[in-house]
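Visitor: I am new to this structure. Please pick a single part and look at it closely, after a few words on the whole.

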Amino acid sequence: MRVELTDDPAVFRARDWSDVVRTDPGGTFFHTPAYLKLWWEEFGTGALMVALAEDGGEVVGACCFEAVEGTLTFLGGFDVTDYMGPVALPAVDREAMAKELMAVVAGGEWDRADLRGLPEGSPWVSALTAAASDAGLHVEAGQEDVAPFISLPDTFQRYLSDLPPKLRHEIRRKERRLRQEAGDCRIGMSNPDTLPRDMDRFVELHRDSSGPKGRFMQAGMEIFFRRLAEAFLPPHVFHLAFLEIGDEKVAGAIGFGFGDTFSLYNSVLDRRFAPLAPGMVLVAELIRMAIGSGRRTFDLLKGDLAYKYRFGAVPRPVRSLALARPR
């Protein structure tokens, strides 16, 4: 096995490693070349570094980086990409690949590395730590964030029955109250015909929000979200759902379905309806749909927010590695 480095963005298409991501137990939508290509086109500002591990002419592993003003990071930034780092076929020796990876990356033009987005339990945490030390780099491991998740059973009823009674009653009570007070309500899923106006509503709800959420959907971020929708709705990866009361869309959520995992990526609500908790009802329905489609995990992604634990999620630390060259 050898690892080669390239700065050519054409590599995302020319050496597509999507099959590697799908077979890696830790592979996520955020590791796919299609997602990373889109992110790079919208947000990339530094030097692109794509490392491909090859064996017999076949791509068996990959890892993407960006170097900006002397700092090396995994490609994907810190705002919209939850999981980052290497991926490889299951049979690939992670320690051997990490050693080759660090050997080629260490020759790049950077002074320090801030490598985030490695989930707890990933073999890459220890493999990269050892490889960086062997390459003569100073390594400091840390925790970037927490990404709560739910292990899904076979049925929604089983999911509810497995919850602590207080959480189970709260989920049922919120749905019952919403239907009693709002009357006709339903879940609507975007399709190619409705997507443009559905995204208009999603962006509108974002900008009507208070605090950081209201400032999040700037022009560049809106373009990124719309491109995600257009590129990944057709292959049934991107899902945009709304809770509708009458003819109004009062809460919306974007999620990614990839492999056996559904990831809740972003959500918004109409503040006028906040007392009825439409967002909570919508998330419960998305959990129901994820179970119905055979998903095994409902990932609420990064952010240690209280509402996530009301659905029975358990915390999973997301690790980081800080690397520095010896002085």
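Guide: Accessible areas come from the Shrake-Rupley method with a 1.4 Å probe, and for residues only the protein chains shown count as cover. By that method the accessible surface of the protein comes to about 15,000 Å², and carbon and sulfur atoms hold 50% of it. The model is a predicted one, in which local features need pLDDT of at least 70 and side-chain atom pairs count only at pLDDT 80 or more, while totals for chains, interfaces and linings use all residues. Residues are numbered from 1 along each chain as its sequence is written, and side-chain values use heavy atoms, with hydrogens and water left out.

First, the whole. The protein holds 12 helices and 14 strands; helices (H or I, at least four residues) and strands (E, at least two) are DSSP runs, numbered from the N terminus. The C-alpha trace spans about 65 × 40 × 40 Å along its principal axes. The radius of gyration is 21 Å, which agrees with the value near 20 Å for a compact globule of 327 residues; that radius is taken over C-alpha atoms, and the globule rule is 2.2 Å times the number of residues to the power 0.38. Of the 327 residues, 53% are buried, meaning under 20% relative accessible area, whereas exposed is over 50% and partly exposed is in between (1.4 Å probe, protein chains only). A contact means heavy atoms within 4.5 Å. Among contacts between residues at least 6 apart in sequence, 74% join residues at least 24 apart.

The part I choose is strand β11, residues 248-258. In this strand 9 of the 11 residues are buried, so β11 is mostly covered. Strands count as paired if DSSP finds at least two bridges between them. On one side of the pairing, strand β10 (residues 238-245) is joined to β11 by 8 bridges, and the two run antiparallel. Within that pair, A251 of β11 stands opposite L243. The hairpin of β10 and β11 has 2 residues between the strands, and G246 there takes a positive phi near 65°.

β11 also pairs with strand β12 (residues 261-269), again antiparallel and through 8 bridges. Here A253 has S267 in β12 as its bridge partner. The hairpin of β11 and β12 likewise has 2 residues between the strands, with G259 at a positive phi near 60°.

One contact leads from this region to a helix. D198 lies in helix α8 and touches K249, along with S190, L240 and F242, not counting residues up to four places away in sequence. D198 is buried, with a relative accessible area of 5%. Helix α8 covers residues 195-207 and also contains V203. V203 is buried too, at 4% relative accessible area, and touches M217, E222 and R226 when residues up to four places away in sequence are set aside.

After β12, the backbone has a point to note. Most residues other than glycine have a negative phi. A277, however, has a positive phi near 50°. This residue sits in the loop between β12 and α11 (278-292), and A277 is buried, with a relative accessible area of 15%. L301, in the loop between β13 (297-299) and α12 (306-309), has a positive phi of about 60° without being a glycine. L301 is buried as well, at 2%.
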